[in-house]
Number of protein chains: 2
Amino acid sequence: MTQRQRRVRDRTERGQRIVAAARELAEAEGWDAVTTRRLAGLIEYSQPVLYSHFPGGKDAIMAAAALEGFTELAATLGAARPGGLGGVTEAYVAFAEGKPGLYDAMFTHASELRFAEDDTPEVMKACFAELLAVVEPTAGDQDAGALTEVFWSTLHGLVTLDRGRRLSPAHRDERLALVVARFGTRAD
Amino acid sequence: MTQRQRRVRDRTERGQRIVAAARELAEAEGWDAVTTRRLAGLIEYSQPVLYSHFPGGKDAIMAAAALEGFTELAATLGAARPGGLGGVTEAYVAFAEGKPGLYDAMFTHASELRFAEDDTPEVMKACFAELLAVVEPTAGDQDAGALTEVFWSTLHGLVTLDRGRRLSPAHRDERLALVVARFGTRAD
DNA sequence: TAGTTTGTCTAGCAGTGCTAGCATGTGACC
DNA sequence: GGTCACATGCTAGCACTGCTAGACAAACTA
């Protein structure tokens, strides 16, 4: 029986290596460079092995990476919660800037994972909950949930527009300060 | 000489047909479905003809579509300017919702076109100017340019997160109201 | 030991963006 | 009007993509 256990352990380890290799490659050269052949070469197995781990193919691998990303984002935001809305803002943007490939997998690609539905993974709800925690005190009589969605949209927009060279690099810190100014105080 | 004129006119018309076909196909089935072969079939010419119009290939065709998009967006926002910040907000979101494929070409893809640099096309600056026009009155002593970037990020984030099924459909109108509440009034 | 199951690989399919090189039709020139 | 050069669009093909069928070997079961 221990052999069987070792087999399944090796299998799961290999599955993790696939996702790790995909993340590393995506971070270095972007997701377009993450091909099933290169991935197979990195883990030193043949191409079809990938499909035994992820029947959904490349999309499923990206979704797995995205899920890891949401776990890490939730932890990052949780650690920044004592810093209040300003701290969470800075942490969110730093996360996206530091792991652009991962952030792409989480938002630009990975259409399988969706929010606000029954099968939404817990880690994705956890991310939203972290944002809600710092937004709620500033909501006043406004809907905290909807306000969190707007706040989140602002962060996400800042990240993606900045990535596409659409924003002035000189304004970077000032933008974050303005986010705090507009969302960090109680509405009248 | 009139024959030569007709030739160049036919050529430019064909170039426009290529972009139009690409936009139509992207709107119907997404940009992944826009292949050079299908595009060639739609304009009833062979594949290499596309490259005589757009040496940059598919990316260049998408960039051309994106440029058309910025022109139309600038016009849309200009028409909505009398409605103030709320009107522009609604117009921006409606534009993105109504032409999702075009919006994708403008922002998600089309890495060639970049803002805040010397070779930024005029129409892209015009879009930013339209947003600035409604944000400036609410800036107070805050930097109007940076604030416009934050406002724009909010709109862009709302659009993209909503597209990815990341936001609750029920909150849609409330979110727009909250945008106006947070950006439409002068900061103290 | 014989048979079955599990796992992996090789080889290949259909499709992608893009391009070299060949025809065909058009224009200019003598 | 005939000839030549040019421009224009085409066929065919390259290297690559994600993905899969079927052969083969190893491991487990009886």
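**Helix packing and the chain A–chain B contact in a predicted model**

Buried residues, meaning those with 20 or more other C-beta atoms within 10 Å of their own, as opposed to exposed residues with 12 or fewer and partly exposed residues in between, the C-beta atoms being placed from the backbone, make up 37% of the 188 residues in chain A. The model is a predicted one, in which local features need pLDDT of at least 70 and side-chain atom pairs count only at pLDDT 80 or more, whereas totals for chains, interfaces and linings use all residues. Residues are numbered from 1 along each chain as its sequence is written, while chains are lettered from A and ligands numbered from 1 in the order in which they are written.

Chain A contains nine helices and zero strands, where helices (H or I, at least four residues) and strands (E, at least two) are DSSP runs numbered from the N terminus. Along the sequence the pattern is accordingly written α-α-α-α-α-α-α-α-α, and the C-alpha atoms of chain A occupy a box of roughly 65 × 40 × 25 Å along the principal axes. With two residues taken to be in contact if their C-beta atoms, placed from the backbone, lie within 7 Å, 66% of the contacts in chain A between residues at least 6 apart in sequence join residues at least 24 apart.

Helix α5 of chain A comprises the 15 residues 84-98, and the distance of 21 Å between its end C-alpha atoms agrees with the 21 Å that it should span at 1.5 Å a residue, the expected span being 1.5 Å times one less than the number of residues. The buried residues of α5(A) are A:Leu85, A:Val88, A:Thr89, A:Ala91, A:Tyr92, A:Phe95 and A:Ala96. An α-helix has 3.6 residues a turn, so residues three or four places apart point the same way. The elements covering the buried residues of α5(A) include α4 (58-80), α6, α7 (122-135), α8 (144-163) and α9 (172-183) of chain A.

Helix α6 of chain A (residues 100-108) is largely enclosed by the rest of the structure, because seven of its nine residues are buried; these are A:Gly101, A:Leu102, A:Tyr103, A:Asp104, A:Ala105, A:Met106 and A:Phe107. Helices α4(A) and α6(A) pack at an angle of about 105° with their axes 8 Å apart, where axes are lines fitted to C-alpha atoms, for helices over the stretch in contact, and angles run from 0 to 180 degrees between N-to-C directions. The two helices are therefore roughly perpendicular to each other, on a scale that counts angles under 35 degrees as roughly parallel, over 145 as roughly antiparallel, 65 to 115 as roughly perpendicular and the rest as oblique. To this contact α4(A) brings A:Met62, A:Ala65, A:Ala66, A:Gly69 and A:Phe70, and α6(A) brings A:Leu102, A:Tyr103, A:Ala105 and A:Met106. By class, these residues are eight nonpolar, one polar and no charged, with Ala, Val, Leu, Ile, Met, Phe, Trp, Tyr, Cys and Pro counted as nonpolar, Asp, Glu, Lys and Arg as charged, and the others, Gly among them, as polar.

Positive phi values of about 60° are found at A:Ala110, just after α6(A), and at A:Glu44, which is not a glycine. A:Glu44 lies in the loop between α2 (36-43) and α3 (47-53) of chain A and is exposed, with 9 other C-beta atoms within 10 Å. A:Arg165, likewise not a glycine, also has a positive phi of about 60°; A:Arg165 is placed in the loop between α8 and α9 of chain A and counts as partly exposed, with 15 C-beta neighbours inside 10 Å.

Chain B is superposed on chain A by a rotation of 180° with 0.0 Å of shift along its axis (RMSD 0.0 Å), the fit being by least squares on the C-alpha atoms of residues with pLDDT of at least 70 in both copies. The two copies are thus related as by a two-fold rotation axis. They meet through the same surface, because 100% of the interface residues of chain B are also interface residues in chain A. The contact draws 36 residues from chain B and 36 residues from chain A. On the side of chain B that touches chain A, α6 (100-108), α8 (144-163) and α9 (172-183) of chain B each supply at least two residues, and the largest share, 14 residues, comes from α8(B). That side of chain B has 16 nonpolar, 12 polar and eight charged residues.
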